[in-house]
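Dear colleague,

Please find below the structure that I am handing over to you. My notes on it follow directly after.

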Amino acid sequence: MLYHIYQIFVLAPIVVIATVIVSSVVVVMCTVTGWLRLHLPFTLGVMTRPDWWASVMTRWWGRVIICASLLDVHIYGRENIPEGRSCVFTANHQGAYDIFLVCGYLGVEIRWMLKRSLEKIPLFGMAARHAGYIFVDKGSAGKVRATYRKAEEALKDGASVMVFPEGARTFDGRMRAFRRGAFTLADELQLPVVPMTINGSFDVLPRQRDGHFIKRHELFLTIHAPIYPHTQGMDNINRLMEESYTAINSAVVPEYRN
């Protein structure tokens with residue numbers, strides 16, 4: 001009961017205020033630094049990079065919300081992240097707190113691949129566009145190709161892409177079948193796929209309890225060894241997808257493992 005009261009009077013205001021602050025700062029600073037990069041004949045360091053502001057602010061946002069939720073976080077396998085190379089991060093999608101966990105604790109500059117519908121959310125959509133996030137449009141083959149071109153452009157500065165290949169949060173804690181989009185992108189750009197397993201988020205706030213109180217539960221992020229492309233084409237896409245699914249599923253807690 002005390003934790004419920006805390007969520008109403010402390011946590012909820014913190015989430016709203018932190019989200020508004022982060023979105024506003026990202027929009028303003030990405031606009032300002034983007035203008036400076038275009039008009040100044042010299043650079044002023046990382047603080048004039050729009051993507052730097054987006055990365056720092058979203059990391060702060062994720063950590064503030066998880067800390068304010070009084071949740072413990074455990075990260076394993078950080079040494080598996082390839083250094084100095086862009087990659088495609090994939091993870092199971094257990095619940096809403098997956099986003100806070102990855103944003104706050106992965107420690108890598110990432111561009112999220114998001115559903116086109118999220119672009120319409122006030123302020124968030126604007127901030128995501130300024131941050132260089134990639135909105136996936138599946139309306140036609142041409143629009144899919146345009147999405148890949150946007151992703152390639154976003155990765156030029158060494159950033160990586162983050163995707164939930166299930167496409168949506170699970171209903172029962174178990175992984176659903178993966179969609180090919182993330183692995184097609186990895187194949188197209190010849191990038192390694194880094195699978196990650198999230199545990200605990202389903203227990204904190206599952207999809208069917210949106211809008212309800214959260215439960216205290218530890219959050220775990222396990223980063224697996226990267227899977228590198230060997231060839232290019234459908235066989236490579238299927239291999240990346242199957243090996244990623246197997247790696248992620250291997251670290252899911254037994255009660256939710258397929």
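In these notes, two residues are in contact when heavy atoms of theirs lie within 4.5 Å. Please also bear in mind that the model is predicted.

With that meaning of contact, T197 touches N92, F220, L221, T222, H224, A247, I248, A251 and V252, leaving aside residues up to four places away in sequence. T197 itself is located in strand β6, which spans residues 193–199. Is T197 buried or exposed? Buried means under 20% relative accessible area; T197 has 0% relative accessibility and therefore counts as buried. One of the residues it touches is I248, and the side chain of T197 reaches the backbone oxygen of I248 at 2.8 Å.

The second region concerns strand β3, formed by residues 110–115. Of its 6 residues, 5 are buried, so that the strand is mostly covered. Which strands pair with β3? One is β5 (residues 160–163), which pairs with β3 in the parallel sense over 3 bridges. Within this pairing, R111 has V161 of β5 as its bridge partner. The other is β4 (residues 134–136), again in the parallel sense and over 3 bridges. Here K115 stands opposite V136 of β4. Between β3 and β4 the chain passes through helix α4 (residues 124–130), and this β-α-β crossover is right-handed.

When you view the strands, please recall a general point: in a regular strand the side chains alternate between the two faces of the sheet.

With kind regards

Note on methods
Residues are numbered from 1 along each chain as its sequence is written. This is a predicted model: local features need pLDDT of at least 70, side-chain atom pairs count only at pLDDT 80 or more; totals for chains, interfaces and linings use all residues. Side-chain values use heavy atoms; hydrogens and water are left out. Buried means under 20% relative accessible area, exposed over 50%, partly exposed in between (1.4 Å probe, protein chains only). Helices (H or I, at least four residues) and strands (E, at least two) are DSSP runs, numbered from the N terminus. Two strands pair if DSSP finds at least two bridges between them. A crossover is right-handed if, with the strands pointing away from the viewer, the path from the first strand over the helix to the second runs clockwise. A polar contact is a pair of N or O atoms within 3.5 Å; within protein, one must be able to donate a hydrogen and the other to accept it, and residues adjacent in sequence count only if both atoms are side-chain atoms.
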